[in-house]
Amino acid sequence: MNKKLLSGPYIIWMTGFIIIPLALIVFYGLTDRSGAFTLANVVSITTSEHAKALWLSLGLSLISTVLCLVLAYPLAMILRSRGMGQGSFIVFIFILPMWMNFLLRTLAWQTLLEKNGVINGILSTLHLPNQNLINTSGAIILGMVYNFLPFMVLPIYNVLMKIDDNVVSAARDLGANSLQVFVRILLPLSIPGIVSGITMVFVPSLTTFVISNLLGGSKILLIGNVIEQEFTKGSNWNLGSGLSLVLMVFILISMALIAKYDKNGEGTAF
């Protein structure tokens, strides 16, 4: 009986902030303004405008995820080789940006990249031509990589730190070189962290609208921007919810991958 009482607040929280909002999205997404059932909101993802925004979002998200993985894995390997624990100062530096306001972090990059920003100011001082950095796809990718890189580093680092050094030493005693140790031991054992990191970067990159608004100047519309505009400017909650249901498919796929490759939660616990 006591356990049931203790679980009560969590059930209330889940009902009020998870189940009810999801139910509302499903309701609005599958109905029109009159409340009648329709699949038009979901099927609208196939229109040229929405499909273009979705494919662009998928492309930029994939690029950002790959870049984060390429940067994060060697970094996690270096942290592991240095024997830095979870409480070390270097690890703290990578966690620190996660404690800052997401909007402020993105605004900082806007200040750096804008036409009269810090980077172009330095180039002008060096008598070099100014660069068109802001309001481009490259600026959006840069913002995604900067904001979401810690979410790739930490799961991989967490998994690598759990690998017993004796396993690596045994492989070397049996004649394995550094490449063989990496391919046959470190990489397979770090798959849960990689999958978790990819999910934690790809999903928010796919659904973001703040980064593309600030660093893309609202000139590059991602699917997150389209949904946000339908809710705020168009006041079409039905269409916005229908498009959101499409994005939920990618979230469910990500959850399925985590359930398959990270059954013990090794890549998510930190």
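In the predicted model, Ser-190 is found in the loop that joins α9 to α10. With a relative accessibility of 0%, Ser-190 counts as buried, and its side chain makes a polar contact of 2.7 Å with the side chain of Tyr-73. When neighbours within four places in sequence are left aside, the residues in contact with Ser-190 are Tyr-73, Val-159 and Leu-160. Tyr-73 also appears among the contacts of Ile-156, which, with neighbours within four places again set aside, is in contact with Leu-69, Ala-72, Tyr-73, Ala-76, Gly-193 and Ile-194.

Ile-156 belongs to the largest nonpolar core, which holds 37 residues, and it is one of the four residues, together with Ile-140, Met-144 and Leu-215, that touch the most other members. At least two residues of this core are supplied by each of α3, α4 (89-99), α5 (102-113), α7 (137-161), α8, α9 (178-189), α10 and α11. The largest share, 13 residues, comes from α7. Apart from this core lies another, of 13 residues, among them Phe-202, Val-226, Val-246 and Leu-247. In soluble globular proteins, nonpolar side chains tend to be buried together.

Among the helices that contribute to the largest core, α5 was examined for its geometry and its surroundings. At 1.5 Å a residue, its 12 residues should span 16 Å, and the end C-alpha atoms are 17 Å apart, which agrees with that expectation. Arg-105, Thr-106, Trp-109 and Leu-113 are buried in α5. Seen down the helix axis, the buried residues of α5 fall within an arc of 95 degrees, so they line one face of the helix. An α-helix has 3.6 residues a turn, so residues three or four places apart point the same way. The buried residues of α5 pack against α4, α6 (118-125), α7 and α11. At the start of α5, a side-chain oxygen of Asn-101 comes to within 2.8 Å of the backbone nitrogen of Leu-103.

Helix α12 (residues 223-232) is largely enclosed by the rest of the structure, because 7 of its 10 residues are buried. These buried residues are Ile-223, Gly-224, Asn-225, Val-226, Ile-227, Glu-228 and Glu-230, and what covers them includes α3, α10 (191-207), α11 (210-215) and α13 (237-261). One of these residues, Val-226, is also a member of the core of 13 residues. Helix α13 contains Ser-244, which counts as buried at 14% relative accessibility. Not counting residues up to four places away in sequence, Ser-244 touches Ile-25, Ile-227 and Phe-231. Although Ser-244 and Ile-25 are 219 residues apart in sequence, their C-alpha atoms are 7.7 Å apart in space.

A search of the whole structure finds 1 salt bridge, in which the side chains of Asp-165 and Arg-80 meet at 2.9 Å, N to O. Because Asp-165 lies in helix α8 (residues 165-173) and Arg-80 in helix α3 (residues 48-81), the pair ties together parts that are 85 residues apart in sequence. As for the surroundings of the two partners, Asp-165 counts as partly exposed at 49% relative accessibility, whereas Arg-80, at 16%, counts as buried.

Backbone conformation was also considered in the loop between α6 and α7, where both His-127 and Asn-135 lie. Most residues other than glycine have a negative phi, and most peptide bonds are trans. His-127, however, has a positive phi, near 60 degrees, without being a glycine, and Asn-135, which is not a glycine either, has a positive phi of about 60 degrees. At 74% relative accessibility His-127 counts as exposed, while Asn-135 is partly exposed, with a relative accessible area of 28%.

Methods
Residues numbered from 1 in each chain as written. Predicted model: local features only at pLDDT ≥ 70, side-chain atom pairs only at ≥ 80, totals over all residues. Heavy atoms only, no water. Salt bridge = Lys/Arg side-chain N within 4 Å of Asp/Glu carboxyl O. Helix = DSSP H or I, 4+ residues; strand = E, 2+ residues; numbered from the N terminus. Buried < 20%, exposed > 50% of the residue type's maximum accessible area, 1.4 Å probe, protein only. Contact = heavy atoms within 4.5 Å. Core = buried A, V, L, I, M, F, W, Y, C linked by side-chain atoms within 4.5 Å. Expected span 1.5 Å × (residues − 1). Arc of directions from axis to C-beta. Polar contact = N/O pair within 3.5 Å; in protein donor to acceptor, adjacent residues only side chain to side chain.
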